[in-house]
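User: I would like to learn how to read the features of this model one at a time. Please give the general idea, then the case at hand.

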Amino acid sequence: MHVRMLTGGLAAACLVSVSLTGGQAAAAVPSTADRPLAARVVTYDASGSAEFRSAVDRGAAIWNESVDAVELRPVATGQRANIRVLADNGWPRALPSTLGNGTVYIGRQAVDQGYNTIRISAHELGHILGLPDRKPGPCSSLMSGSSAGTSCTNPYPNAAEKAEVEGNFGGELAGRARAVRDGGIVD
């Protein structure tokens with residue numbers, strides 16, 4: 001995961017200015033602007049994802065590599081997860097409740113048809129992170145989902161998808177659950 005940090009360049013410049021003008025320079029006290037911005041942690045429980053467990057973990061890792069404002073972590077023992085991930089025989093789908101919360105189904109029907117399990121996982125987690133389907137779409141768009149075809153194995157969000165997730169979890173939205181636009185089933 002990337003770590004974002006605002007620089008303390010302005011504070012250093014002020015200290016140099018004060019010392020050059022003959023004033024006393026004091027050690028700069030770090031402000032909150034100098035500290036790394038904390039990502040919102042969203043936990044997931046993949047214990048019900050059966051044979052797709054490693055694909056789910058990789059899908060979460062891809063999001064962690066791609067965005068700063070949110071971090072997907074496996075739930076700790078005894079804790080309640082924000083996201084439940086389950087395997088079933090249907091089509092893959094996500095049931096988001098609020099931003100960063102819901103249930104993901106990794107459906108065997110799509111896997112049996114030849115769709116990539118890591119792409120499925122990253123795509124469905126994208127719905128929980130607030131992204132809609134963008135069908136039809138090219139393989140370069142993670143949220144194009146099945147419309148990119150079975151030959152598409154790209155599990156990475158594109159720049160626009162990354163920016164949308166950053167916006168969903170950054171700024172004023174940090175720490176607050178926002179209802180997902182449709183509030184319904186997305187696949």
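**Reading contacts, helices and rings**

Analyst: Apart from neighbours within four places in sequence, T103 touches R84, L86, R93, A94, L95 and I128, contact being heavy atoms within 4.5 Å. This is a predicted model, in which local features need pLDDT of at least 70, side-chain atom pairs count only at pLDDT 80 or more, and totals for chains, interfaces and linings use all residues. Residues are numbered from 1 along each chain as its sequence is written, and side-chain values use heavy atoms, with hydrogens and water left out.

User: Where is T103 found, and is T103 buried or exposed?

Analyst: Buried means under 20% relative accessible area, exposed over 50%, and partly exposed in between, with a 1.4 Å probe and protein chains only. T103 has a relative accessible area of 15%, so it is buried. T103 belongs to strand β5; strands (E, at least two residues) and helices (H or I, at least four) are DSSP runs numbered from the N terminus. Between the C-alpha atoms of T103 and I128 there are 8.0 Å, with the two positions 25 residues apart along the chain counted as their separation.

User: Which residues of α4 are buried?

Analyst: The buried residues of α4 are R119, I120, S121, A122, H123, E124, L125, G126, H127 and I128. Because 10 of its 12 residues are buried, α4 is largely enclosed by the rest of the structure. The packing partners of these buried residues are α2, β2, β3, β4, β5 (102-107) and α3.

User: What span should α4 have?

Analyst: The expected span of a helix is 1.5 Å times one less than its number of residues. For the 12 residues of α4 this gives 16 Å, and the end C-alpha atoms are 17 Å apart, which agrees.

User: What is found at the start of α4 and just after α4?

Analyst: A polar contact is a pair of N or O atoms within 3.5 Å; within protein, one must be able to donate a hydrogen and the other to accept it, and residues adjacent in sequence count only if both atoms are side-chain atoms. At the start of α4, a side-chain oxygen of N116 comes to within 3.0 Å of the backbone nitrogen of I118. Just after α4, G130 has a positive phi of about 100°. The C-alpha atom of G130 is 8.5 Å from that of T98, 32 residues apart along the chain. T98 lies in the loop between β4 and β5 and is partly exposed at 27% relative accessibility.

User: Why do the buried residues of α5 line one face?

Analyst: An α-helix has 3.6 residues a turn, so residues three or four places apart point the same way. In α5 (residues 159-169), the buried residues are E161, V165, N168 and F169. Seen down the axis of α5, they fall within an arc of 85°, so they line one face; the arc is that of the directions from the helix axis to the C-beta atoms. The face turned away from the buried side of α5 carries the exposed A159 and A160. The cover over the buried residues of α5 includes β1 (40-48), α2 (53-66) and β2 (70-74).

User: How many aromatic pairs does the structure hold?

Analyst: Rings of Phe, Tyr and Trp (its six-membered ring) pair if their centres lie within 6.5 Å; planes under 30 degrees apart count as stacked, over 60 as edge-to-face and the rest as tilted. The structure holds 1 aromatic pair: W91 and Y115, edge-to-face, at 5.7 Å centre to centre with 80° between the planes.
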